[in-house]
Amino acid sequence: MTALLSPVGTVPAMPALAGDRPEGQLMEQPEDRVESERLAAGFVRGDEDSFALVYRRWGALVHSLAARSLGDAREAEDVAQQTFLAAWRGRHGYHAVRGPLPGWLVGIARRKIADAHAARSRRTELAAAHAAREGAGVPGTAERPEDALDRVLVTQELRKLPPVQRQILRLAYFDDLTHVQIAERTGLPLGTVKSHARRAILRIRRSVAEGSVAEGSASVA
């Protein structure tokens, strides 16, 4: 698990505690239940140490649920971060009488996982619509082979980006969010969002340019 970037700071990834149940077992022993209730109370009050312990205790559970559903470790990391950020922001909506905190976290995680699947579907639909428009052969808009190559290269480079930079570009270009909206969605400072976006774009441009130079050299050889 990566560190969690949150409105209260960076919560580092931590090794699982003895007794943690990353495979999704929510049944707890009486002594574990007392500890969970104590953490939940501190979490709802806005105590940062309790938030860190909640993430440490149940982060693996949320990540494993996302990874099994999405089949992608990096997307699962994004979903785990979004889950805990949403939980922190909406912590006053948690009520112990309605059920234990891990169950509430799992409910948020399932909604975030569903959002991730929906985003995938939207990207697939957009790609299919683009391909259909290109295949229609509109006069004067024929695509050059170089354009198709550039798209492939950009897609490959996007996968190589660090998770935070990749998430920011996806939110900007696939979900059409502004930098301000991305900052609100991720909990990152606006300046950090802009810096990550700028570095990611420069990295992709540089890689695409280097790939083009390498291709040209190979052709000459």
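## Trp104 and its partner Tyr94

In this predicted model, Trp104 counts as partly exposed, because its relative accessibility is 22%, and a residue is called buried only under 20%. Tyr94, by contrast, has a relative accessible area of 8% and is therefore buried.

The rings of Tyr94 and Trp104 form an aromatic pair, with 5.4 Å from centre to centre and 55 degrees between the planes, an arrangement that is classed as tilted. Tyr94 belongs to the loop between α3 and α4, whereas Trp104 lies in helix α4, and the pair links these distant parts of the chain across ten residues.

## The aromatic cluster

A pair of aromatic rings is described by the distance of the centres and the angle of the planes. A search of the whole structure yields six such pairs. In the pair of Phe43 and Trp88 the ring centres are 5.8 Å apart and the planes stand at 70 degrees, so this pair is edge-to-face. Because Phe43 lies in helix α1 (residues 30–45) and Trp88 in helix α3 (residues 73–89), the pair ties together parts that are 45 residues apart in sequence. Both Phe43 and Trp88 are buried.

Ring pairs join Phe43, Phe51, Trp88, Tyr94 and Trp104 into a cluster. A charged group also takes part in the surroundings of Trp88, for the charged end of Arg91 sits over the ring of Trp88, at 4.1 Å from the ring centre. Which residues does Phe43 touch, not counting residues up to four places away in sequence? The contacts of Phe43 are Ser50, Phe51, Val54, Ala87, Trp88, Arg91, Leu101 and Trp104.

## The nonpolar cores

In soluble globular proteins, nonpolar side chains tend to be buried together. Here the largest nonpolar core holds 26 residues, and the members that touch the most other members are Phe43, Val54, Leu101 and Leu105. Helices α1, α2 (48–70), α3 and α4 each supply at least two residues of this core, and α2 gives the most, with nine residues. Apart from this core lies another one, of nine residues, which includes Ala172, Leu177, Ala183 and Ala197.

Helix α2, the element that gives the most to the largest core, bends by about 50 degrees at Trp58. The helix is followed by Gly71, a residue whose phi is positive, near 70 degrees.

## The loop between α3 and α4

The loop that holds Tyr94 also contains Gly90 and Pro100. Gly90 counts as partly exposed, with a relative accessibility of 32%, and the C-alpha atoms of Gly90 and Val44 are separated by 8.9 Å, although these residues are 46 residues apart along the chain.

Pro100 is likewise partly exposed, at 48% relative accessibility. Its counterpart in space is Ala40, 60 residues away in sequence, with 8.4 Å between the C-alpha atoms of Pro100 and Ala40.

## Partly exposed positions in α4 and α8

Asp115 has its place in helix α4 and is partly exposed, since its relative accessible area is 45%. The C-alpha atoms of Asp115 and Val79 are separated by 9.1 Å, while the two residues are 36 residues apart along the chain.

Arg199 is found in helix α8 (residues 190–220), and at 44% relative accessibility Arg199 counts as partly exposed. From C-alpha to C-alpha, Arg199 and Leu161 are 10.0 Å apart in space, and in sequence they are 38 residues apart.

## The protein overall

The secondary structure of the protein comes to eight helices and two strands, and the order of the elements from the N terminus on is β-β-α-α-α-α-α-α-α-α. Of the 221 residues, 32% count as buried, and the accessible surface comes to about 12,800 Å², of which 56% belongs to carbon and sulfur atoms.

Among contacts between residues at least 6 apart in sequence, 65% join residues at least 24 apart. The pair of Phe43 and Trp88, which ties together parts that are 45 residues apart in sequence, offers one example of a long link along the chain.

Notes: Residues numbered from 1 in each chain as written. Predicted model: local features only at pLDDT ≥ 70, side-chain atom pairs only at ≥ 80, totals over all residues. Heavy atoms only, no water. Phe/Tyr/Trp six-rings, centres within 6.5 Å; stacked < 30°, edge-to-face > 60°. Helix = DSSP H or I, 4+ residues; strand = E, 2+ residues; numbered from the N terminus. Buried < 20%, exposed > 50% of the residue type's maximum accessible area, 1.4 Å probe, protein only. Lys NZ or Arg CZ within 6 Å of the ring centre and 35° of its normal. Core = buried A, V, L, I, M, F, W, Y, C linked by side-chain atoms within 4.5 Å. Contact = heavy atoms within 4.5 Å. Bend = angle between axes of the 7 residues up to and from the residue. Areas by Shrake-Rupley, 256 points an atom, 1.4 Å probe, with all protein chains shown as cover.
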